[in-house]
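Me: Could you walk me through this structure? I'm new to this, so plain sentences would help.

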Amino acid sequence: MGHVSFVLKEPKSAKKTSIVLIFRYNNETVKIYTKQSIEPIFWDKSKQRVKQSIKVDYAKTNALLNEMDSKILEIYNMVLIDYDRRPVPNELKNLFELEYFEMKPQFSKRKTKLLMEVFDEYGQRMISENKSSSAPKYRQAKQSLLDFSKETGYNVQFESITNEFRNNFIYFLRHNKKYAETTIHRRIKFIKTIILYALDCGYITGVKVNLRKFNIPDVIPDKIALTKYELREIENLNLSKNPRLDKIRDRFLIGCYTGLRFSDFIRLNKTHIVDGKYIEIKQEKTKNFNTQPFWDKVKKIFEKYNYELPKPVSESNFNLYLKEVCELCDSLKKEQEIKEYELGVLKSVYKPKFELITSHTARRTFVTLKGEQGMALEDIAIATGHKNIKTLQTYMKLDAKQKADRLALVNKNLLEKDGK
């Protein structure tokens, strides 16, 4: 699978300049002039599209660029399918120009692709576009369809995707698999993405369902964060006689002190400590670098292990052992009311808090406690790596008293600043 990008021929020009399609694959590069031009001031380099402006026909130009994006990928895939080889650059350029600009079909027949084949192809596309973290999500959606087919005898193909299929599949995920509503939402969303991709590539001409009404609403489950008192009890646990739980507790505390995702705090080690005062780690999910202070409490954990932190474990085992740790805390044995979706219905349930704690609780705890201390969301985001403040706000789980304490603290700081 190749990668498509659009650039300007002369990005620093004061006049109109050509928009060029760049297609890279297998260490090869194809450059094609799109016959579209634009003044650089109207070009969005990050999105590789024309900016929205009343001074240019941005919608038309962007639509043409989208068409070319799909067409070059389509032709590339057709060569792979029909000739069982990759095209050479000049060949691919010629095929594109004949197909797109001169509207002369270059392939006498078109091979259709099955739904599961398109899932695999799209997963490879995600990997080729440096979105490898997204590929497993589509594999999970594909597996859900395979499970549905196996257990119900339903022939899952593009032509069998109807409103009846949609409803039966949702029922299967909800009742047979007992998935959370947010998981069902994601499965349906990914299947819709595959359908749209197949339509865009010309693998299918349509489906027998209204895609605008295909999705189901997403729901935000009730998630928890630890209070400073609960965190302190975990810190003070004497686990010297249980090294397995001691190591898990310490890794969890690093997550609480840094706000990093599990995939990052579980592999944090001495190579990520810079100049003895910074933590610098490339985030597994976003591939962006995260730089934050080498917090004193994190430093103490490093010193405890002579800077050789315990080896990482899988997230499933981590969560299993973490519940053992938290069950030792009296404060976490108290039952807590939470809202959960059960078979599509929002209900109140009561569970001991230790049962609700997972690796992700560490990240929410960091955000919540820093927020309680009066730290601005923009500053918290430096540690967590969030780009969207609205998303970060969902991590802050302050109760009414914590909000009041935060308000009092912020007010105190303001008064001290003003010298009153």
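Reply: One definition will be needed when we come to the hairpin: two strands count as paired if DSSP finds at least two bridges between them. Please also keep in mind that this is a predicted model.

Me: Okay, so which strands are joined by 5 bridges, and which way do they run?
Reply: Strand S7, residues 278-282, is joined to strand S8, residues 289-293, by 5 bridges, and the two run antiparallel. Within this pairing, Lys-282 stands opposite Phe-289 in S8.

Me: What about the residues between the strands of that hairpin?
Reply: There are 6 residues between S7 and S8, and in this hairpin Lys-287 takes a positive phi near 70 degrees.

Me: Where else is there a positive phi in a residue other than glycine?
Reply: Lys-35 is one of them, with a phi near 65 degrees, and it lies in strand S3, which covers residues 28-38. Another case is Met-103, which is not a glycine either and has a positive phi of about 55 degrees; Met-103 is found in the loop between helix H2 (89-101) and helix H3 (115-128).

Me: Is Lys-35 buried or exposed, and why?
Reply: Lys-35 counts as exposed because its relative accessibility is 65%, and the cut-off for exposed is over 50%. Met-103 counts as exposed too, at 69% relative accessibility.

Me: Which ring does Lys-35 lie over?
Reply: Lys-35 lies over the face of Phe-101, at 4.4 Å from the ring centre. In another such arrangement, the charged end of Arg-244 sits over the ring of Tyr-321, 4.6 Å from its centre.

Me: Switching to ring pairs, how many aromatic pairs are there?
Reply: The count comes to 23 aromatic pairs. One of them joins Tyr-100 and Phe-101, whose ring centres are 5.3 Å apart and whose planes stand at 80 degrees, so the pair is edge-to-face; the reasoning is that planes over 60 degrees apart count as edge-to-face. Tyr-100 is buried, with a relative accessible area of 16%, whereas Phe-101 is partly exposed, with 21%.

Me: And what kind of pair do Tyr-154 and Phe-165 form?
Reply: Tyr-154 and Phe-165 form a tilted pair, with 5.7 Å from centre to centre and 50 degrees between the planes. This pair links distant parts of the chain, since Tyr-154 is in the loop between helix H4 (135-152) and helix H5 (163-176), while Phe-165 is in helix H5, 11 residues apart. Both Tyr-154 and Phe-165 are buried.

Me: Which residues form one aromatic cluster?
Reply: That cluster is formed by Tyr-122, Tyr-138, Phe-190, Tyr-197 and Tyr-203.

Me: New topic: is Lys-353 buried or exposed?
Reply: Lys-353, which lies in helix H12 (residues 353-356), counts as buried because its relative accessibility is 7%, and the cut-off for buried is under 20%.

Me: What does Lys-353 touch, then?
Reply: Leaving out residues up to four places away in sequence, Lys-353 touches Ile-224, Ala-225, Leu-226, Glu-230, Leu-332, Lys-334 and Gln-336. A polar atom of the Lys-353 side chain lies 3.1 Å from the backbone oxygen of Ala-225.

Me: Last one: how many helices and strands does the chain come to, and how much of the chain is buried?
Reply: The secondary structure comes to 16 helices and 10 strands, and buried residues make up 44% of the 420 residues in the chain. The chain exposes about 23900 Å², of which carbon and sulfur atoms supply 49%.

Technical notes:
Residues are numbered from 1 along each chain as its sequence is written. Side-chain values use heavy atoms; hydrogens and water are left out. Rings of Phe, Tyr and Trp (its six-membered ring) pair if their centres lie within 6.5 Å; planes under 30 degrees apart count as stacked, over 60 as edge-to-face and the rest as tilted. Buried means under 20% relative accessible area, exposed over 50%, partly exposed in between (1.4 Å probe, protein chains only). Helices (H or I, at least four residues) and strands (E, at least two) are DSSP runs, numbered from the N terminus. A charge sits over a ring if NZ of Lys or CZ of Arg is within 6 Å of the ring centre and within 35 degrees of the ring normal. Accessible areas come from the Shrake-Rupley method with a 1.4 Å probe; for residues, only the protein chains shown count as cover. A polar contact is a pair of N or O atoms within 3.5 Å; within protein, one must be able to donate a hydrogen and the other to accept it, and residues adjacent in sequence count only if both atoms are side-chain atoms. Contact means heavy atoms within 4.5 Å.
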